[in-house]
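Here is a walk through one model, from its cores out to its loops. Keep the viewer open and click along as you read.

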Amino acid sequence: MEEFEYGIIGGGPAGYTAGMMLAGNGHSVVLFEKDKLGGTCLNKGCIPTKSFLHSSDVYSEIKHAENFGIKIDNVELDFSKVVEKKNSTVEKIRKSLELAVKNSGARTVYAEACVKNKNVIEAGGEEYSVKHIILATGSKPREIKGLEFDGKFILSSDDILNLTQIPKSVLIVGSGAIGIEWARILSNFGTEVFLTEMAEHLIPLADIEVSKRIERIFKQKKLKFYLNDSVEKIENKKVTLKSGNVIEPEFILVAAGRVPICPNCDCEKILGDACGEIQLAHYAIHQAKQFALGIPFDKNLIPSVIYGEPEIAWVGLREQDMDENCKKSMLPITALGKSWCDDCTDGFIKVITKEDKIVGAHIVSKEASSLIHILLTAIQNKICINDLKKMTYAHPTYSEGIFEVLM
Ligand SMILES: Cc1cc2nc3c(=O)[nH]c(=O)nc-3n(C[C@H](O)[C@H](O)[C@H](O)COP(=O)(O)OP(=O)(O)OC[C@H]3O[C@@H](n4cnc5c(N)ncnc54)[C@H](O)[C@@H]3O)c2cc1C
C-alpha cells in the first residue's frame with residue numbers, strides 16, 4: 001500500500017489549493033478527483049459562466065454600439081462558437097492547473113475515493129495509507145420538491161452549461177448569485193427572462209438598499225420578476241406561480257442554492273463547499289490556505305460578488321445589521337464622469353461607518369467586483385477614514401467614488 005501524509009478527496013479549489021500548498025511545504029500528498037481537476041469552480045461554475053457572460057456582454061455592446069457612434073449592420077450570434085470559446089477557456093485553465101499541481105509534488109489519482117478508516121482511502125481498486133484525511137468534496141445543485149431536474153424542461157446550473165442554442169424565454173427560480181448572473185447572460189443574448197424569488201426582495205442576502213436598487217434596475221430593463229412567489233404547478237410546460245401568474249418558458253433554471261456533499265466518514269478536516277458554510281471559491285481557497293500554511297482570515301470579511309448588470313459587491317455590515325452607532329453615506333454612480341462616458345450610470349457606492357472606521361461597503365456599479373477590494377483593505381486593516389481621504393484616486397475612474405463617498 002502506498003503511503004502519504006495527506007490524502008485529500010476532491011480536486012476543486014479547496015482540495016487543489018490545500019494539496020499544492022502542503023506538497024510545496026514538503027509533505028507527501030495524494031489528491032483524489034473523480035471527475036476533472038478544478039471542481040465546480042473551473043468546470044461548472046465560476047469560469048464557464050464568466051466566459052458565457054463575456055460573450056453575451058460583447059454581443060449586447062455591439063448591438064448597442066450606435067449609442068457610441070458606431071453603426072454595425074447584421075450582427076449575428078453563432079452560439080456554437082460561444083460554447084467553443086467557453087470550452088477552450090476551461091481546458092486551457094485546467095491544463096495549467098494540472099501542471100501546477102504536478103509541479104507542486106502532489107500526486108493526483110483520478111478515481112472516486114472512499115474512506116475505509118481514518119488512515120486508509122480506497123480509490124480505483126487501490127488502497128492508500130494516509131496519516132491525515134481531508135474532505136474537499138464540494139456541493140451539488142439543490143433540488144426543490146416539484147421541480148426535480150430532468151435536464152430538459154427543469155435545468156440545474158450544471159445542465160444549462162450544455163445549452164446548444166439561446167432560448168426564447170426562461171424562468172429562473174431563485175435570485176442569488178447564480179440566478180442573477182444567468183438573468184444577465186440570457187437577457188444580453190436576447191432571451192425573455194422571468195425570475196421568481198420566494199423572499200420579499202431580490203438577492204435576499206444583500207443589503208436591503210442594494211436589493212431594492214436591483215429591483216428598480218430590473219423594472220427599467222423590463223426584466224419580469226415575482227417576489228414572495230414560487231412555482232405552484234406545471235402542466236404541459238405551462239408554469240403557474242403561487243401568485244396566479246402564468247408563464248410559458250422554454251425551460252426553467254432552478255438556482256436555489258447548493259447542498260454540501262459531505263460523506264459521513266472519519267476525517268481530520270472538511271474544506272470548501274462541503275462544510276456547508278460560505279459557498280464561494282475564494283472562501284474555499286482561503287480555508288485551504290489557513291489549513292495548509294496557517295494564514296488566518298476573518299470569516300466576516302469574505303467579499304460577495306454578483307455578476308449582475310451592473311455588478312454588485314459587498315463586504316461587512318449591511319443596512320439591516322446597523323446599530324445606533326453606525327452611520328451611512330452613499331454616492332450615486334452618476335456623480336462619476338467615467339460612468340457617463342461608459343453609459344453605465346446605474347448604481348451607487350455605499351459605506352457604513354462606525355466612529356472613524358468603515359465597517360460595511362456595498363457597491364452596485366460597473367467594476368464593483370474590483371472596487372470592493374479597496375474598501376475591504378480599509379475595513380480589514382482598520383484604516384481611518386481620514387487616512388483614506390489622503391489617498392489620491394486617479395481621474396476619471398470608478399475608484400474616485402470611494403473618495404467622494406467618504407467626503
Ligand atoms: C454556476 C456557478 C457559478 C459560480 N460562480 C462563482 C463565482 O463567480 N465566484 C465564486 O467565488 N464562486 C462561484 N461559484 C461557487 C464555487 O464554484 C464553489 O464555491 C467552489 O467550487 C467550491 O470549491 P470546493 O473545492 O469546495 O468544491 P468543488 O469545486 O465542488 O470541488 C469538489 C470536487 O470534489 C470531487 N469529488 C467529490 N466527491 C469525490 C470523491 N468521493 N472522490 C473523488 N473526488 C470527489 C468533485 O468531482 C469535485 O471536482 C459558482 C458555482 C456555480 C455552480
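A nonpolar core here means a set of buried Ala, Val, Leu, Ile, Met, Phe, Trp, Tyr and Cys residues joined through C-beta atoms within 7 Å. A residue counts as buried if 20 or more other C-beta atoms lie within 10 Å of its own, exposed if 12 or fewer, and partly exposed in between, with the C-beta atoms placed from the backbone. Bear in mind that this is a predicted model: local features need pLDDT of at least 70, side-chain atom pairs count only at pLDDT 80 or more, and totals for chains, interfaces and linings use all residues. Residue numbers start from 1 along each chain as its sequence is written.

**The cores**

The largest nonpolar core has 62 residues, and Ile 172 and Leu 253 have the most contacts inside it. Helix H5 (residues 177-188) is its top contributor, giving 7 residues. At least three residues of this core come from each of domain 2 (143-254) and domain 3 (310-406). What does Ile 172 contact, once its neighbours within four places in sequence are left aside? The partners are Gly 179, Trp 182, Ala 183, Val 193, Leu 195, Leu 253 and Ala 255, where contact means C-beta atoms, placed from the backbone, within 7 Å of each other. There is also a second, separate core of 41 residues, which includes Tyr 16, Phe 32, Leu 37 and Tyr 283. In soluble globular proteins, nonpolar side chains tend to be buried together.

**Domains**

The chain splits into domain 1 (2-140 + 258-293), domain 2 (143-254) and domain 3 (310-406); these bounds come from an automatic or database domain assignment. Taken over C-alpha atoms, the centres of domain 1 and domain 2 are 26 Å apart. Their contact takes 11 residues from domain 1 and 9 residues from domain 2. On the domain 1 side, helix H3 (residues 46-63) gives the most, with 8 residues. That side divides into 6 nonpolar, 3 polar and 2 charged residues; here Ala, Val, Leu, Ile, Met, Phe, Trp, Tyr, Cys and Pro count as nonpolar, Asp, Glu, Lys and Arg as charged, and the others, Gly among them, as polar.

**Three helices**

Helices (H or I, at least four residues) and strands (E, at least two) are DSSP runs, numbered from the N terminus. The expected span of a helix is 1.5 Å times one less than its number of residues, and the table sets that beside the distance between the end C-alpha atoms.

| Helix | Residues in helix | Expected span | End C-alpha distance |
|---|---|---|---|
| H3 | 18 residues | 26 Å | 26 Å |
| H6 (208-220) | 13 residues | 18 Å | 19 Å |
| H9 (368-380) | 13 residues | 18 Å | 18 Å |

In H6, the buried residues are Val 210, Ser 211, Arg 213, Ile 214 and Phe 218. They cover an arc of only 165° around the axis, which puts them on the same side of H6; the arc is that of the directions from the helix axis to the C-beta atoms. Turned away from that buried side are the exposed residues Arg 216, Lys 219 and Gln 220. The buried residues of H6 pack against strands S11 (224-226), S19 (312-316), S21 (348-354) and S22 (357-364). After H6 comes Lys 222, with a positive phi near 60°.

H3 buries Cys 46, Pro 48, Thr 49, Phe 52, Ser 55 and Ser 56, and their cover includes helices H2 (39-43), H4 (79-104), H5 and H7 (281-293).

In H9, look for buried Ala 368, Leu 371, Ile 372, Leu 375, Ala 378 and Ile 379. Their cover includes strand S18 (304-306), S19, S21, S22, H10 and H11. Lys 382 follows H9, and its phi is positive, near 50°.

**Loops worth a click**

Where are the cis bonds? One runs from Glu 309 to Pro 310, with omega near 0°, and Pro 310 sits in the loop between S18 and S19. Another joins His 395 and Pro 396, with omega about -10°; Pro 396 is in the loop between H10 and H11.

Glu 355, in the loop between S21 and S22, has a positive phi near 50°. Glu 355 counts as exposed because 10 other C-beta atoms lie within 10 Å. Glu 367, in the loop between S22 and H9, has a positive phi near 70°. With 19 other C-beta atoms within 10 Å, Glu 367 is partly exposed.

Key. Two residues are in contact if their C-beta atoms, placed from the backbone, lie within 7 Å.
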